[in-house]
Amino acid sequence: MNVVPEQKTGRTLPGPRMRAALLVLPLLVFIGVTFLAPLANMLVRSVHDPVVADALPDTLERLRAWDGRGLPDEAVYEALAVELLAAREDRTLGQVATRINRVQSGLRSVLTRSARRLRNIEAGPWREAMTGIHAAWGDKETWLALREAGDRYTARHYLNALDLQRDSGGSIVRQPEDRRIYITLFWRTLLVSLGVTALCLLIGYPVARLIAHAPPRRAYLLLLLVLVPFWTSLLVRTTSWIVLLQNQGVLNDIFVFLGLIADDGRIAMIYNMTGTFVAMTHVLLPFMVLPLYSVMSAIPRVQESAAESLGATPWQSFWRVYWPQTLPGVGAGCLLVFILAIGYYITPALVGGSSGQLISNMIAFHMQTSLNWSLAAALGGILLICVAGLYVLYDRLVGIERMRLG
Amino acid sequence: MDGSGRPYVEYRKVSKSYDGKSTVVDEVDLDIRKGEFLTLLGPSGSGKTTCLMMLAGFESTTSGEIRVDGRSIHTLPPRRRGIGMVFQNYALFPHMTVGANLAFPLEVRGMDRDTCRERVERALQLVRLEGYEDRRPSQLSGGQQQRVAIARALVFDPELVLMDEPLGALDRRLREEMQYEIRRIHKTLGVTVVYVTHDQQEAMVMSDRIAVLRGGVIEQVADPETLYEEPRSSFVARFIGENNRLHGKVVGIDGDICDVETGGETIRAIRIAPCGAGDPTTLSIRPERVAVAPEPGLYTNELEALIEDITFLGDYLRIRVSVCGTSDFVIKIPNIVGHGALLAGDRIRIGWTPTDCRVLDPDREEETP
């Protein structure tokens, strides 16, 4: 074996490599604490929910032995009565009830009312007592829901996020039609993201080319114009679009003034899909222009002259010589815009109305309003998987090392 | 020249101005014969590349006319002119293989695959790059890329090929090799080549004729030998090869021969530029046409000179002497036995014939080509 002298000194003193690594340590810690740990926490949350299992261990233990046909036996009722009272004492009953309610709505009040009334009942038979408090305890569906909510690890939230559920037999079926919302939203998000990406490419490509081939001073000025939106608050930009596009907005006023439309026929350009499209395209455009510009400015103009001297029409020269060389930029720009668009939240929230809401708005809703973090995490997880899949696809098709971000 | 006696390419009073005030090319008249290798030679800013680009169609003419094969080409876009073009930095398409690069001009002309493959193979054979079809340009050396660029400009059989300083990016040794290579290809195919360079050596090696440009005007068009032996202006004399220039005044005229006074000596020389007695002038004498210690009476011009220094350059000696008021007069003598006797500080006699000494226009400025 060869002994490299450096290895010897490396043991006594931290080598240059080690010291260099120490320099990036603060960054790694920062990313770990503020990004990776919460991300992991959320992903775990999407499959792991111990609240019910911790609160009703005995009941769930006994329920596991139950065959699911008919009603559970007396011992289960007794265990539940004891644990419900204990949960009420611990003030965890609300959380437990909320989670069970998510599996089968309506059970929240059943649980809270039962716990309240059970205080006055000292001895069994518990089955009769509880069925007396609420008829739901005589329904085996209630017990099935309870058992399902008691799983520590569950794919329920993912199923839910995909408009699926388990039926009483345990097999996966679609949600009833009136409860299917997420798949539609995923599709809409996907289509909006693709649409915005396409629009950005369509608008951004000629702009990038113009900048890349302009004389240096003018190129600098044009690049500045592209970057100006970056210096303005996202909220201000989005609100500006509201000012421009709303029913009593600038654009509609001009149309009415010009007589293009009647005063009562003002076009709804905001608080719907149109608004989402326009505002998102505007916000994300620089992310398309910059990588394109970076790639284009590296292509010598003489290439097109050469193509033309060889007999190519302007179109052939563009399509066969110029366009293929810009593909790394096109790929990078599209990937960037698409990934940003698919998780976009603030713009659709402000200008999307009801028809322009995307999946992120639903995630925000579950995080902030319904407090169903597990479902929010599951929705986010699916989004993450989509983006990762896209990244892999891009790597296979184009090669990630060819991507030029600017 | 083809049978009709008409030149293949004609520049007729062609001018080019970018801003409407200063002209880059000024009323250029130039005839290029079919099959000829013509070089546009000049320092940077002399308008040589502009002349080429107007012929290729990448620049428009401000006034005047360019005809190819008797037809005016002004209305034709570059792709319709059917002219092969080799660019300064090759302009190969980096995303295509060598084969695809060569096939490109054929494919846009709608040729079928078999013809394409056959032509590509032939073109690669011509530039001695057989078997390189599947390489990318980035995998080739500079010289090989240049060969590909040349092959691509020739693969669609153009009658006219333009080259814009194609060897500028290569090192000296490779450049010399490529000069002979380009000359060989020209001889093999017999196409008309218009070549642009600022390197007079390069122009001399390859060209049938050279057009020397200066400030947008053609100073002289001639074959390399004539250009070297009989420069028509002091600029050309200075630009082509090494020349001794003596500034003086015409004192007497006798037909083609005139006497010029310079630095206290009177020298007989052949008159090229129109001049009269008393006019300022520049005399030009090639260093190798000056004899050292000639037999007395052999040359009309015989002078005494002081050797300033001697440089040994292998095949010849370069002797710098003081004569006619300048200390920068250069003499080149071949390295043959017997010259070891010369030493700096010696006084020697030198001489030359009037026909080797040309009376030209006075040097306007000291621009170095």
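## Briefing on a predicted two-chain model

Strand β14 (residues 280-285) of chain B runs antiparallel to β20(B), and 4 bridges join the two. That pairing is a handy way into this structure, which is a predicted model. From there, the notes below move through the surroundings of β20(B), the sheets of chain B, the contact between the chains and a helix pair in chain A.

**Around strand β20 of chain B**

- In the pairing with β14(B), B:Ile285 has B:Cys357 of β20(B) as its bridge partner.
- Strand β13 (residues 265-271) of chain B also pairs with β20(B), here in the parallel sense and through 2 bridges.
- On β13(B)'s side of things, B:Arg271 stands opposite B:Val359 in β20(B).
- Is β20 (residues 357-360) of chain B covered on one face or both? Both faces are covered, with B:Cys357 and B:Val359 buried on one side and B:Arg358 and B:Leu360 buried on the other.

**Chain B as a whole**

- Chain B contains 8 helices and 20 strands.
- Its C-alpha trace spans about 75 × 45 × 40 Å along the principal axes.
- Chain B has 369 residues, and 39% of them count as buried.
- Counting contacts in chain B between residues at least 6 apart in sequence, 65% link residues at least 24 apart.

**The open sheet of six strands**

- In chain B, 6 strands line up as β6-β7-β8-β3-β9-β10 to make an open sheet with mixed pairing.
- At the edges sit β6 and β10 (217-222) of chain B, each of which pairs on one side only.
- Ignoring direction, neighbouring strands of this sheet are turned by 15° against each other on average.
- Helix α4 (residues 142-154) of chain B packs on this sheet, where it touches β6 and β7 of chain B, and its direction makes about 170° with that of β6(B).
- Within the sheet, β7 (residues 160-164) and β8 (residues 192-197) of chain B pair in the parallel sense over 5 bridges.
- One pair to look for there is B:Leu162 with its bridge partner B:Val194 in β8(B).

**The open sheet of four strands**

- Another open sheet of chain B has 4 strands in the order β2-β1-β4-β5, and the pairing is antiparallel.
- Its edge strands are β2 (23-32) and β5 (71-72) of chain B, each pairing on one side only.
- Strand β4 (residues 63-68) of chain B is joined to β5(B) by 2 bridges, with the strands running antiparallel.
- B:Arg67 finds its bridge partner in β5(B) at B:Ser72.

**Where the two chains meet**

- How many residues does each chain give to the contact? Chain B provides 18 residues and chain A provides 15.
- On the chain B side, the elements that contribute two or more residues are β6 (83-86) and α2 (98-107).
- By class, that side of chain B has 13 nonpolar, 2 polar and 3 charged residues.

**A helix pair in chain A**

- Helices α6 (residues 93-103) and α9 (residues 140-149) of chain A pack with their axes 9 Å apart, at an angle of about 115°.
- The two helices, α6(A) and α9(A), are therefore roughly perpendicular to each other.
- Their crossing, that of α6(A) and α9(A), is right-handed.
- From α6(A), the contact uses A:Arg99, A:Ile100 and A:Val103, while α9(A) brings A:Ala145, A:Leu146, A:Glu148 and A:Ala149.
- Sorted by class, this contact of α6(A) with α9(A) has 5 nonpolar and 2 charged residues, and no polar ones.

Terms used:
Residues numbered from 1 in each chain as written. Chains lettered and ligands numbered in written order. Predicted model: local features only at pLDDT ≥ 70, side-chain atom pairs only at ≥ 80, totals over all residues. Axes fitted to C-alpha atoms, helices over the stretch in contact; angles between N-to-C directions. Parallel < 35°, antiparallel > 145°, perpendicular 65-115°, else oblique. Left-handed = near helix turned anticlockwise from the far one by under 90°. Contact = placed C-beta atoms within 7 Å. Nonpolar A, V, L, I, M, F, W, Y, C, P; charged D, E, K, R; others polar. Pairing = 2+ DSSP bridges. Buried ≥ 20, exposed ≤ 12 C-beta atoms within 10 Å, placed from the backbone.
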